[in-house]
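Hi,

Here is the structure I said I would pass on. Have a look through it first, and my notes follow below.

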Amino acid sequence: MLFRSWPIIALGWVLNLWQEGLGSAERILNIFKEKPDIADTADTDPSLTEITGTITFRGLNFAYPGATTPVLRRIDLHIDAGMTLAVVGHTGSGKSTWMHLIPRLYDAPAGTLLLDGHDIRHYPLAALRRHIGFVTQETFLFSDLIRENLAFGVDAAGEGELQAAAETAQLTKDLDQFPQGWDTMVGERGLTLSGGQKQRVAIARAVLRNPRILILDDALSAVDTYTEEEILQRLRQVRQGRTTIIVSHRISTVRDADWIVVLKNGEIAEQGRHEELLAQKGLYHTLNERQLLEQSLEEI
């Protein structure tokens, strides 16, 4: 009896798989059909393929697409190529949004963001992003080997280059403790790594790209102060000759920058060097005093 009914059972099973496959294929095709909001246009200049790293903001006002209230207002700032800029401010002040404009994750209004004297919209998107290393607040790792996560976005990376990038991010000590070293599987979104390890993998990945512009958006928030100091010491060498932007809420992370900007409610409230900002007795000074007090309490 079972032998006679098996073809009908098998047919029902296949039809069920067919329906599931059609549903999955439809969702995948819908993704393939999506067109990015930011892409090359008729204004794109294909000759703009090289970048030195000079960034200029001219009266930048920015609101999210579909919103009317700007999150960034009256941003005027010039960053020379090879300069290290630090951006500090309270949570929600617009720091990350500001950084997202440089690789064109959001588009700044025309004429308000220039790169090497050209409107950033005129650069081919692939060429622009090839020259930018961006470590975001939320680190994204793939379910793959540590080696492959570091080399993501790089055409070819030798063992020496991987090692140098890992040393810059203070990742080599952790690699020695992983069961398979470079070939350790990290799990979906880096599940098997700690927050600090994920951030250091992301930093190493950005450094390995050897970008003209390096953006670290609160990229050291999950590491301890000792490791942070070690990474910053290594980054001083990496920063030479390239434009670097460090976003952080820790004064200890940004005090050695060439120029520091304090962002408040989407506007530049203060700017200058570390000593100059402390002397102003303003928001930067208040942040510094509060963090020194918190550090003292932790030590007690």
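How many salt bridges does a search of the whole structure find? The answer is seven, and keep in mind that this is a predicted model. Some background before the details: side chains of opposite charge can pair when their charged atoms come close.

Helix α8, which covers residues 225-239, is a good place to start. E228 sits in this helix and meets R250 in a salt bridge, at 3.3 Å from N to O. R250 belongs to the loop between β8 (243-247) and α9 (251-254), 22 residues away from its partner, and the pair links distant parts of the chain. Are these two residues buried or exposed? Both R250 and E228 are buried.

Next comes E229, which has a salt bridge to R255, with 4.0 Å between the closest N and O atoms. E229 is in helix α8, while R255 is in the loop between α9 and β9 (259-264), 26 residues apart. E229 counts as partly exposed because its relative accessible area is 31%, and R255 is partly exposed too, at 40%.

R236 and D256 also form a salt bridge, at 2.5 Å from N to O. R236 is in helix α8 and D256 is in the loop between α9 and β9, so this pair ties together parts that are 20 residues apart in sequence. R236 has a relative accessible area of 25%, D256 has 41%, and that makes R236 partly exposed and D256 partly exposed. If you step back, E229, R236, R255 and D256 are linked in a network of salt bridges.

Now for the rings. The whole structure holds six aromatic pairs. One of them is F62 with Y64, an edge-to-face pair with 5.8 Å between centres and 80° between planes. F62 is buried, at 4% relative accessible area, whereas Y64 is partly exposed at 31%. Ring pairs also bring in Y106, giving a cluster of F62, Y64 and Y106.

Another pair is F142 with F152, which is tilted: the centres are 4.8 Å apart and the planes are at 45°. F142 lies in the loop between β6 (132-135) and α4 (146-150), and F152 in the loop between α4 and α5 (159-168). F142 is partly exposed at 32%, and F152 is partly exposed at 48%.

One last residue to look up is E138, also in the loop between β6 and α4. E138 is exposed, at 57% relative accessible area. Its C-alpha is 9.8 Å from that of G195, although the two are 57 residues apart in sequence.

Cheers

Note on methods. Residues are numbered from 1 along each chain as its sequence is written. This is a predicted model: local features need pLDDT of at least 70, side-chain atom pairs count only at pLDDT 80 or more; totals for chains, interfaces and linings use all residues. Side-chain values use heavy atoms; hydrogens and water are left out. Rings of Phe, Tyr and Trp (its six-membered ring) pair if their centres lie within 6.5 Å; planes under 30 degrees apart count as stacked, over 60 as edge-to-face and the rest as tilted. Buried means under 20% relative accessible area, exposed over 50%, partly exposed in between (1.4 Å probe, protein chains only). Helices (H or I, at least four residues) and strands (E, at least two) are DSSP runs, numbered from the N terminus. A salt bridge is a side-chain nitrogen of Lys or Arg within 4 Å of a carboxyl oxygen of Asp or Glu.
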